[in-house]
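Reader: Could you walk me through how to read a few side-chain features in a model like this one? I would like the general idea and then the case at hand.

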Amino acid sequence: MKKLSPAFITVIALIVVSGILFAFFMKSKLSTIRTLNAGIAQMNVSNEITASAGQEDLNFLNDLFPRPGSTAEFIESAYMISSRYAIDDIEFNYKDRAFISLDTGKILKALPSSGVMPKIIYRDSVKINFNSDYRNTAEFIRELQDLKRLVKIESLKVQNRMTSLAVEMVVNIYSAEETNALK
């Protein structure tokens, strides 16, 4: 047999050592890539949870501040609530609309004519008159305040009659053009 030259053995040894070093290098790089992929997957899950929570917040705002002009929907809901209790002679009277500036918090009676639309919330006032007893009046008011939309009782006047209570209340309901303006 031929004797292998020392240069050939050195080259083979260098190739084997280089292969082993390259394998360790690739193993560390693959480990880093796996760690990065796991981090990206976790971020995606976190983003999906955040997006889901963001959508829930947006849905909550849409319920709390529905679109303007939904006063009729409120009156319909209040009428349905009144039908569950002994509420007699119920009347709804639309009073007025005001605009609340989100920038200043001030109530505007009219929108500015400057052409620049401020971020606002609409406030519609509805006067409700009815006759009922104490318990049904309390339940009616509780259910009005439990509606998903923002409802605020501005005033409440109660007169005791022989057989029932005469109730006059002014309720403010709120709405917004777009819930993105509320953020």
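Author: Gladly. Let us start with a network of salt bridges, which links R84, E139, R142, E143 and D146. Please keep in mind that this is a predicted model.

Reader: What is the general idea behind such contacts?

Author: Side chains of opposite charge can pair when their charged atoms come close. Here, the count comes to eight salt bridges.

Reader: Within the network, how far apart are N and O where the side chains of E139 and R142 meet?

Author: The N to O distance is 2.7 Å in the salt bridge of E139 and R142. Both residues belong to helix 3, and because they are three residues apart there, about one helical turn separates them.

Reader: Are E139 and R142 buried or exposed?

Author: The answer lies in between. E139 has 24% relative accessibility and so counts as partly exposed, and R142, at 36%, is partly exposed too.

Reader: Which salt bridge links distant parts of the chain?

Author: Take D124 and R97, whose side chains meet with 2.8 Å from N to O. D124 sits in strand 3 and R97 in strand 1, and their positions lie 27 residues apart in the chain, counted as a separation in sequence. Look at the accessibility of the two partners as well: D124 is buried, with a relative accessibility of 2%, while R97 has a relative accessible area of 29% and is partly exposed.

Reader: And what is the distance between the closest N and O atoms of E168 and K127?

Author: In that salt bridge the closest N and O atoms are 3.9 Å apart. With E168 in strand 5 and K127 in strand 3, the pair ties together parts that are 41 residues apart in sequence. E168 counts as partly exposed because its relative accessibility is 27%; K127, at 25%, is also partly exposed.

Reader: Now to rings. How do I describe an aromatic pair?

Author: A pair of aromatic rings is described by the distance of the centres and the angle of the planes. In this model there are two aromatic pairs. One joins F99 and Y122 edge-to-face, with 5.5 Å centre to centre and 70° between the planes.

Reader: Why does the pair of F99 and Y122 tie together parts that are 23 residues apart in sequence?

Author: Because F99 lies in strand 1, residues 88-101, whereas Y122 lies in strand 3, residues 120-132. Both F99 and Y122 are buried.

Reader: What about F130 and F140?

Author: F130 and F140 form an edge-to-face pair as well, at 5.1 Å centre to centre and 70° between the planes. This pair links distant parts of the chain, with F130 in strand 3 and F140 in helix 3 (residues 134-145), 10 residues apart. F130 and F140 are both buried.

Reader: Last topic: how does one look for pockets?

Author: Rolling a probe the size of a water molecule over the atoms shows where empty space is left. The largest pocket here has a volume of about 150 Å³.

Reader: Which elements give two or more residues to the lining of the largest pocket?

Author: They are strand 3, strand 4 (151-160) and strand 5 (165-175). Among the lining residues are two we have already met, F130 and E168, along with others including D89, K157 and R161. By type, the lining divides into four nonpolar, three polar and four charged residues.

Technical notes: Residues numbered from 1 in each chain as written. Predicted model: local features only at pLDDT ≥ 70, side-chain atom pairs only at ≥ 80, totals over all residues. Heavy atoms only, no water. Phe/Tyr/Trp six-rings, centres within 6.5 Å; stacked < 30°, edge-to-face > 60°. Helix = DSSP H or I, 4+ residues; strand = E, 2+ residues; numbered from the N terminus. Buried < 20%, exposed > 50% of the residue type's maximum accessible area, 1.4 Å probe, protein only. 1 Å grid on protein atoms, 1.4 Å probe; cavity = no way out; pocket = protein on both sides within 12 Å on 5 of 7 lines; lining within 4 Å. Points joined across faces, edges and corners; volume = space filled by probe spheres on them. Nonpolar A, V, L, I, M, F, W, Y, C, P; charged D, E, K, R; others polar. Salt bridge = Lys/Arg side-chain N within 4 Å of Asp/Glu carboxyl O.
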